Amino acid sequence: MKDDKIQLKNNMDEAAQRHLYMDMPCGVLWYTVELDPQIIFANRKSLELLGYSSQIEFEAAGKSSLLDFIHQDDIEYIKEKHRNFGLNDGESKIALKVVSRTGGIFHIVGNAKHAKYTDGRMLVQLVYIDVTELKQAQSELEEREKIIRSAVEQSEMFIWTYNIKERKVSGDYLGEDLFGYDLNSLTVPDSFYGNGLIYKDDEPLVKAMFAELFAGKTTAKSIARWLNKNTGNYFWCKIVYTTVFDKQGNPIKAMGTATDVGEERYLAARYNEEMGLLEMTNKNTLYNIRINLFTGEIEELRGLCSNNKSLAKAHNFQTFFAEILR
């Protein structure tokens with residue numbers, strides 16, 4: 001009689017626990033400790049994850065082996081976890097992939113521990129959360145980082161983060177290849193000045209950029225000649241900072257990029273020089289005329305004569321020269 005009362009009490013405890021766990025926001029599974037663990041209880045969250053609408057539907061399906069719902073990549077992992085339960089006081093952290101009956105794959109993490117069932121059998125109680133969305137987001141982030149890293153490496157651009165308060169930079173994209181030394185160890189920008197790291201005539205350009213950055217300008221940039229210590233040569237480097245502000249609007253850090261624009265800078269300088277010479281020539285030329293030889297029409301008229309209204313109105317070279325000779 002006494003044993004019957006104990007068994008009844010145990011049954012009442014089990015029913016209360018099932019009721020308690022059934023609507024918990026996390027997943028709960030009870031399964032047996034054996035080579036082929038059998039699920040004897042799954043709360044509502046677990047049933048949804050496994051692809052069932054109710055405990056009745058789950059039991060009617062006759063598919064209660066835990067291994068049927070574990071991704072094949074993790075079957076040996078879960079077996080090893082169970083073998084080591086005794087070494088960890090009957091408790092273990094679990095992270096694995098679960099496969100629903102419809103083929104959906106879910107990532108779960110949780111805590112598994114030993115518990116005793118009403119008939120004396122040892123059970124594992126697994127309490128877990130579904131982290132599938134987090135895993136997907138993490139995977140997408142890693143993929144984007146790979147794409148960005150690949151793009152940066154192909155563009156030979158150095159990217160870093162600049163802590164404005166501490167005057168330190170941190171980054172790992174081509175810094176040493178571009179400058180020939182590790183920027184992470186320097187105090188920026190003070191370590192750049194007066195030592196030849198920047199071409200002497202270009203130091204004011206770099207100082208002006210950092211002055212704008214410290215003053216809270218959203219973007220600051222410069223194009224100056226920097227020394228590559230590996231080669232001993234100066235190269236034209238374009239640096240652009242994009243500022244990050246705190247809630248009070250104070251600049252706290254900046255994202256920086258540096259690119260070797262030697263050829264681009266050289267071509268731009270040549271173009272500006274030639275355009276300047278052309279403009280100077282035009283200003284001192286009496287007549288600068290472009291004529292379409294097929295139509296005889298004047299397409300462009302420059303020089304001192306362009307101020308002459310009657311000449312400026314001439315549409316072809318006959319009327320233009322007639323105006324000159326008049």
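This note goes through the overall make-up of the chain, helix 7, the aromatic pairs and the loop before helix 7.

1. **Status and overall make-up.** The model is predicted. Its chain holds ten helices and twelve strands. Of the 326 residues, 32% are buried. The accessible surface comes to about 20800 Å², and carbon and sulfur atoms account for 53% of that. Among contacts with a separation of 6 or more, 39% are between residues 24 or more positions apart.

2. **Helix 7, length.** Helix 7 covers residues 203-214. Its twelve residues should span 16 Å at 1.5 Å a residue. The end C-alpha atoms are 17 Å apart, which agrees with that expectation.

3. **Helix 7, buried face.** Which residues of helix 7 are buried? They are Glu203, Val206, Met209, Phe210 and Leu213. Seen down the helix axis, these buried residues fall within an arc of 125 degrees, so they line one face of helix 7. The cover over them includes strand 6 (157-163) and strand 8 (219-228). Strand 9 (233-245) and strand 10 (251-260) also belong to that cover.

4. **Just after helix 7.** Glycine 216 follows the helix with a positive phi of about 95 degrees.

5. **Aromatic pairs, first example.** The count of aromatic pairs is 17. Take phenylalanine 179 and phenylalanine 235: their ring centres are 6.0 Å apart and their planes meet at 50 degrees, so this pair is tilted. An angle between 30 and 60 degrees is what puts a pair in that class. Phenylalanine 179 sits in helix 6 and phenylalanine 235 in strand 9. With their positions 56 residues apart, the pair links distant parts of the chain. Both phenylalanine 179 and phenylalanine 235 are buried.

6. **Aromatic pairs, second example.** Phenylalanine 192 and tryptophan 226 have ring centres 4.9 Å apart and planes at 80 degrees, so the pair is edge-to-face. Phenylalanine 192 is in the loop between helix 6 and helix 7, and tryptophan 226 is in strand 8, so the pair ties together parts 34 residues apart in sequence. Why does phenylalanine 192 count as buried? Its relative accessible area is 3%, and buried means under 20%. Tryptophan 226 is buried too, with a relative accessible area of 2%.

7. **The aromatic cluster.** The residues of both example pairs belong to one cluster: Phe179, Phe192, Trp226 and Phe235 are among its members. The cluster also includes Phe158, Trp160, Tyr162 and Tyr181. Phe210, Phe214 and Tyr241 are in it as well.

8. **Charges over rings.** Arginine 167 lies over the face of phenylalanine 214, at 4.0 Å from the ring centre. The ring of tyrosine 193 has the charged end of lysine 207 over it, 4.9 Å from its centre.

9. **Leucine 186.** Where is leucine 186 placed? It lies in the loop between helix 6 (175-179) and helix 7. Is leucine 186 buried or exposed? Its relative accessibility is 18%, so leucine 186 counts as buried. Beyond neighbours within four places in sequence, leucine 186 is in contact with Arg167, Lys168, Tyr181, Ser191 and Phe192. The C-alpha atoms of leucine 186 and lysine 168 are separated by 6.7 Å, although the two residues are 18 residues apart along the chain. Two of the contact partners appear above in the aromatic cluster: Tyr181 and Phe192. Another partner, Arg167, is the residue over the face of phenylalanine 214.

Methods
Residues are numbered from 1 along each chain as its sequence is written. This is a predicted model: local features need pLDDT of at least 70, side-chain atom pairs count only at pLDDT 80 or more; totals for chains, interfaces and linings use all residues. Side-chain values use heavy atoms; hydrogens and water are left out. Helices (H or I, at least four residues) and strands (E, at least two) are DSSP runs, numbered from the N terminus. Buried means under 20% relative accessible area, exposed over 50%, partly exposed in between (1.4 Å probe, protein chains only). Contact means heavy atoms within 4.5 Å. Accessible areas come from the Shrake-Rupley method with a 1.4 Å probe; for residues, only the protein chains shown count as cover. The expected span of a helix is 1.5 Å times one less than its number of residues. The arc is that of the directions from the helix axis to the C-beta atoms. Rings of Phe, Tyr and Trp (its six-membered ring) pair if their centres lie within 6.5 Å; planes under 30 degrees apart count as stacked, over 60 as edge-to-face and the rest as tilted. A charge sits over a ring if NZ of Lys or CZ of Arg is within 6 Å of the ring centre and within 35 degrees of the ring normal.
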